[in-house]
Amino acid sequence: MKTIIKIFIPILMFLVYSCELDNYDGPDAVIHGAIIDADTDELIEQDVINGTEIEYLEHGYETPATQYMVIKNDGTYRNNLMFSGTYTIQPVRGNFVPIDPIEVEVSGVTELDFEVQPYIRLKDVVIEKEGSSIVASFRLEQTVSNNVAKIGLFGHPEAHVGASVRTMNVERSINGVVDPETEFTLEWSIPDNPSADKMFFRVGALIDAPEAKYNYAPARKLAL
Amino acid sequence: MTRIFNILFILTFIFLTGCDDDFLDRSPMDKIDGEAMFSDPEGVKVYMANLYYQLPIEDFTYFRDGFNFNPSDPNNGGYLAAMTTDEAVHSGWSDMVRDWDFTWWEPAFELIRDINILGEEIPKLEISDLEKEKLRGEVAFLRAFAYYGLAKRYGGVPIIAELQVYDGNLEALKVPRSTEKETWDFVLNQCDIASEMLPSSWAEGQRRGTKWAALALKSRAALHAASVAKYWNDAPLSGEAVNQGLVGMDASEADRYYEECIEASAELINNGGFGLYGPNPSTPEEAAANYQEIFVNPNSVPEEAIFIKGFAIPGTNTGHNYDIWYVPNQLANGWPHPGRMNPTLELVDSYESYSQPGQSFPIVTTQDGSINDYSGFDPGKDYLRFDDPSEIFKGKDARLWATAVLPGTSFKGTEIIIQAGLVKPNGEAIIETKDSYSHNGVTYHTFGAPDWPQYSGFDTYGENMTRTGFSFKKFLNSDEPVVPSWNQSTTDWIEFRYPEILLNYAEAVLESNYSQDNAMSKAESYLNSIRKRAGHTTDISLTLENVLRERKVELAFENKRYWDLVRRREYHKIFDNSTKHALLPLLDLRVDPPQYIFVRKEVSRHPNRTFLPKRYYKPIPGIGTNELVQNPQF
């Protein structure tokens, strides 16, 4: 038995040792930036989950797989694990008028902003607690002639609140072109035993366009 | 030690050198080659049986892992397509459709290759020309069925209608995807060939494709294609696959496909000699019994069953597991995993009532009649009270009683106890918690009985109890106790049932506003004939809402709902951060004697679910090597 073990241990070590370390270099570059409203220079609010995505293809391969990045709620994005190289990059399925893909050389820390035209801008947003309700009022400025499909008020205990991250929502169908002067109001009555003491609330409006996502105003934290 | 090594060393040499040159040329003793197989008509039959077995029939063995999921250990939790729709929830799991669920790619192309091998062999067979024509019809039917299974999952796919031969050139074997439109057209074309060549029935009553099965398939496939064309814009996708037309169709195609559906359905309805089983029941009870009979014993309803897939031998891969997975907990008979299928309140609400025909009849639980309050029990509310829990369902469509086990009703001679809790005399409620409470010298149990084998609802024990308030009945044997082991059920499966064709016809007529040949009034009479069979006595008008509701309840749990939601692009609207609903029967001790009240509520332990539009198509595997264009967002 001992002999066998003596034989096997060297063999095992030989087998294990004979693997080389991975001989490829790790990711060495960073890309970051934001989705920016070309007219107002403001960041365009997004959804982290099921929101706008950034598609990118790395050049130099015969059949490169499409890779995806998500965008933070405030409209910024960052990928610290990129490989240096040339990429075709395009934000897709977003809450702005689609833009063409951009070719970009990524090396070191590369900053790349996308200047776009949001479908809808939310103006004069006020979200307040009034009595036992949360009341949100706002106006909509649409930049395209499509219908506004619906508007919504979303709430969640986390700051990532949105159409996909929510524990409450009040949505209303509009299905029409809106007058920029019209004030919309959405109201949510706080239940007797709310699931959290404080919640983040965010209002949004969805345009009726293929694969469009909600446009938002920044979230507001309110005590219930 | 050294000696052993020496011996082994020598032996190794003997073994390594002991091969004859012709070792690899010997024919195996346990297999026969193609020539021997196909030279005998019996061999062709055996081969054919294997092809039918591989068809994408969504029967009792269709789960998210794929088709024919009944190997020696078929333990997959019993999670199936109905549970990802609004028809049901699983007693323990709440998953939505995942990327690779319900996919069918590699087995599909294996089947297509096997079909093509047969297609090549037919001219060489020593049988009459008439027999050859039947076989060619069968090849077209099998091919159409296979491509229908692919097209509804992937959109456009590579069309391989001839046997591929590998001659060293790998690239020649790579067939690019056809467009979605071309693929559907191919399916319909193969259905046409099949319906021309196939006989109306087979001698000896074999379960093979017939002219009518081919027309039924065409009816179903054309309706799917038409719906995709018409409703594509409700959830449009983008990307390379869309640009090339590999998924999606133009709305202008819709009417053509609807017309194909209408023609195929009309041919089957007018000339197929099919009808409804028990078309004129005298009571709702008789209607319920008739309806149940169709699914428990499909062979006794030849007028209604257009195409059947058989299950034969218990304990093998021709047995299935519906009875053990879905029987109410009280009837588990020692089986550890019953009660998985819990029909939802949404489905139960959809059934009409005999008193108010032509509309869904939601279960009303309170005096004020509100049905949209899911906030749970509130002692201040005025609940309707019942002596017997099943009273609240009185007057609902017979098919509800035959599809679901309702609280307090009897199944296999046992009263099925489904109770979610009790309300103490002071108005405090104990809900979905195992507990008991003594009042006036009587001990009441929250779940209706003291121990877990004695009730079937709301306890989390083993995930064996319903959490919606309803258990499952359709398809389940209603006489014999379950046999507590795998693959013991041998109920046959009806793949094409006459009412589906009637409803396909009605939907296609309405959607395309088709008026030739008196189609509207025919469609209305078909709709009402199905309702009449279910015990209704008042006719309703032909509206899309009525037809779709009828489809939902008549075909419930037949694995149709999933594809109805897909083809009509309703999935992402119904599942937009949404949950499903339950009906909680509570024993109310505030009155004497205690009575039952009901609470409409969200299903417990069920997170909200979203269906992403990209899931209207499935991802294609292996695009690195097969070089196909991937579907959007995968």
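**Helix packing and three residues in a predicted model**

Good morning. I shall begin with B:Ser355, which lies in the loop between α12 and α13 of chain B. Please bear in mind throughout that this is a predicted model.

Is B:Ser355 buried or exposed? Its relative accessibility is 56%, and exposed means over 50%, so B:Ser355 counts as exposed. The side chain of B:Ser355 makes a polar contact with the side chain of B:Ser353, at 2.6 Å. There is also a partner from far along the sequence to consider: B:Thr538 is 183 residues apart from B:Ser355, yet their C-alpha atoms are 9.3 Å apart in space.

The loop between α12 (345-350) and α13 (398-403) of chain B also holds B:Lys394. With a relative accessible area of 65%, B:Lys394 is exposed. Which separation do we find between the C-alpha atoms of B:Lys394 and B:Tyr354? They are separated by 9.3 Å, although the two residues stand 40 residues apart along the chain.

Let me now turn to the helices of chain B. Two packed helices are described by the angle between their axes and the distance between the axes. I shall give both values for each pair.

The opening pair is helix α7, residues 211-231, and helix α9, residues 254-271, both of chain B. Their axes come within 8 Å and cross at roughly 155 degrees. Why are α7(B) and α9(B) described as roughly antiparallel to each other? Angles over 145 degrees count as roughly antiparallel, and the crossing of this pair is roughly 155 degrees, so α7(B) and α9(B) fall into that class. In handedness, α7(B) passes α9(B) in a left-handed crossing. The residues of this contact comprise 15 nonpolar, four polar and five charged.

Helix α9(B) takes part in a further pairing, with helix α14 of chain B, residues 498-512. The axes of α9(B) and α14(B) come within 9 Å and cross at roughly 145 degrees. This crossing is left-handed. On the α9(B) side the contact includes B:Tyr258, B:Ile262 and B:Leu268, and on the α14(B) side it includes B:Ile501, B:Tyr505 and B:Val509. Sorted by class, the residues of the contact of α9(B) with α14(B) are 12 nonpolar, three polar and two charged.

Helix α14(B) in turn meets helix α15 of chain B, residues 519-533. Here the axes come within 9 Å, with a crossing of roughly 145 degrees, and α14(B) passes α15(B) in a left-handed crossing. Among the residues that meet are B:Leu502, B:Tyr505 and B:Val509 in α14(B), together with B:Ala523, B:Tyr526 and B:Ile530 in α15(B). The contact of α14(B) with α15(B) has 13 nonpolar, one polar and two charged residues.

Finally, I should like to move to chain A, where A:Gln142 lies in strand β10, residues 133-142. Buried means under 20% relative accessible area, and A:Gln142 has 16%, so this residue is buried. What does the side chain of A:Gln142 reach at 2.7 Å? The partner is the backbone oxygen of A:Asn146. In addition, the backbone oxygen of A:Val144 lies 2.9 Å from a polar atom of the A:Gln142 side chain. Leaving aside neighbours within four places in sequence, A:Gln142 is in contact with several residues, including A:Tyr119, A:Val148, A:Val177 and A:Ile207.

Thank you for your attention.

Key. Residues are numbered from 1 along each chain as its sequence is written. Chains are lettered from A and ligands numbered from 1 in the order in which they are written. This is a predicted model: local features need pLDDT of at least 70, side-chain atom pairs count only at pLDDT 80 or more; totals for chains, interfaces and linings use all residues. Side-chain values use heavy atoms; hydrogens and water are left out. Axes are lines fitted to C-alpha atoms, for helices over the stretch in contact, and angles run from 0 to 180 degrees between N-to-C directions. Helices (H or I, at least four residues) and strands (E, at least two) are DSSP runs, numbered from the N terminus. Angles under 35 degrees count as roughly parallel, over 145 as roughly antiparallel, 65 to 115 as roughly perpendicular and the rest as oblique. A crossing is left-handed if the near helix is turned anticlockwise from the far one by less than a right angle, and right-handed if clockwise. Ala, Val, Leu, Ile, Met, Phe, Trp, Tyr, Cys and Pro count as nonpolar, Asp, Glu, Lys and Arg as charged, and the others, Gly among them, as polar. Buried means under 20% relative accessible area, exposed over 50%, partly exposed in between (1.4 Å probe, protein chains only). A polar contact is a pair of N or O atoms within 3.5 Å; within protein, one must be able to donate a hydrogen and the other to accept it, and residues adjacent in sequence count only if both atoms are side-chain atoms. Contact means heavy atoms within 4.5 Å.
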